[in-house]
Structure formats: C-alpha cells, structure tokens
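This report introduces a structure to a reader who has not met it before. It considers charged side chains and the pairing of strands.

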Amino acid sequence: MQALPHRYRVRGAGRITGDVELTAERLTMLRSASPAEFDGPGDRWSPETLLVGAVADCFILTFRAVAKASKLSWISLNCDVTGTLDRVDRVTQFTHFDMTAHLIVSAGVDADVARHALAKAERNCLISSSLKASIALGATVDIAEPAELNVPA
C-alpha cells in the first residue's frame, strides 16, 4: 500500500440534458444519469447507485484483505446492499445502509472465525467508515462440501 494520504481524481462532464461522463486516468469512461426516482431514465448508474455499489465493493475488497491477513480460506462472498435515501431536517441524504453478506468458506473452516472476519471487514471498510449513515450487517457463512469444490474425497 502506498503511504497516505491518497488522492483520487475523477472528472465529471455534462450538459443541460443527457448523460454525465465520468472519467479518471487509466479507467474506462462511465456514463451516469439520474435514477428513475428522480425522473431519470433509470437504466444507467446514478450517483445513488454508485454510492451503494461503493459500499458493497469496498466491503468485499476489505474482506479480501482481512481474510488474507488472517489466513482464512474462503471461496466466495456475495454482498447485497440497500441504501435508504430520505429527508432529515429538510436535507435529502442516505440515512441507512442494510448490507447482507453471504460467505462460503472451505471445509474445515470455523464459521465463528469467518463471522469475525466479516465483522472486522465491516468495521474497517473505508467507504462505510466515511459515511454518516448507519450500516447494518447481516451475514451468513456456509461451509462448502468437498464435492462442491470438485475435490476428490
């Protein structure tokens, strides 16, 4: 990891109507628009879906680092996040994020150790730590059977 602070630069370009183009060095251009809830087309990434996606993405990447550091053997992690946008004191803001994580670990892994790693990832996720909305993590851990891994018994 590079020394902190890190800086991430993104350029947004838009006109009176149409998509906003988001560009960053060495990255593919991303088009966004208002979501259907704000009278947008609803078929593009929006600032709202990008933020909710960043919570899910960061949680998974943080879990990867936690699992690697703790030598936790795992197979897959799915994370569903629902962000609640509401008005508080006449300000529209995200007020809560519900995150459901489903982790599959290798046979022989202690499920309590895996749950601890999920909780640690949630506590250390820099995106969710940067938000003022609350985050609630619900997690399940399944242990894969050797047959699911295509490993001879």
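In this predicted model, Glu-21 counts as partly exposed because its relative accessibility is 30%. Glu-21 forms a salt bridge with Arg-31, and the closest N and O atoms of this pair lie 2.8 Å apart. The two residues belong to distant parts of the chain: Glu-21 is in strand S2 and Arg-31 is in strand S3, ten residues apart. Arg-31 is likewise partly exposed, at 40% relative accessibility.

**Salt bridges**

In total, the structure holds four salt bridges. As a general principle, side chains of opposite charge can pair when their charged atoms come close. Three of the pairs are set out below.

| Pair | Closest N and O atoms |
|---|---|
| Arg-44 and Asp-19 | 2.7 Å |
| Glu-21 and Arg-31 | 2.8 Å |
| Asp-43 and Arg-44 | 2.3 Å |

Arg-44 forms a salt bridge with Asp-19, and this pair links distant parts of the chain, 25 residues apart. Arg-44 lies in the loop between strand S3 (30-32) and helix H1 (47-70), while Asp-19 lies in the loop between strand S1 (11-13) and strand S2 (20-23). Arg-44 also forms a salt bridge with Asp-43. Asp-19, Asp-43 and Arg-44 are thus linked in a network of salt bridges.

How exposed are the members of this network, Asp-19, Asp-43 and Arg-44? Asp-19 has a relative accessible area of 21% and is therefore partly exposed, since the buried class requires a value under 20%. Arg-44, at 33% relative accessibility, is also classed as partly exposed. Asp-43 reaches 58% and so counts as exposed, the cut-off for that class being over 50%.

**Strand pairing**

Strands S1 and S2 pair in the antiparallel sense over three bridges. Glu-21, the salt-bridge partner of Arg-31, has a role here too: within S2, Glu-21 is the bridge partner of Ala-13. The hairpin of S1 and S2 has six residues between the strands, and in this hairpin Gly-18 takes a positive phi near 95 degrees.

Strands S2 and S3 also pair in the antiparallel sense, over three bridges. In this pairing, Val-20 has Ser-32 in S3 as its bridge partner. The hairpin of S2 and S3 has six residues between the strands, and Arg-26 in this hairpin takes a positive phi near 70 degrees.

Terms used
Residues numbered from 1 in each chain as written. Predicted model: local features only at pLDDT ≥ 70, side-chain atom pairs only at ≥ 80, totals over all residues. Heavy atoms only, no water. Salt bridge = Lys/Arg side-chain N within 4 Å of Asp/Glu carboxyl O. Helix = DSSP H or I, 4+ residues; strand = E, 2+ residues; numbered from the N terminus. Buried < 20%, exposed > 50% of the residue type's maximum accessible area, 1.4 Å probe, protein only. Pairing = 2+ DSSP bridges.
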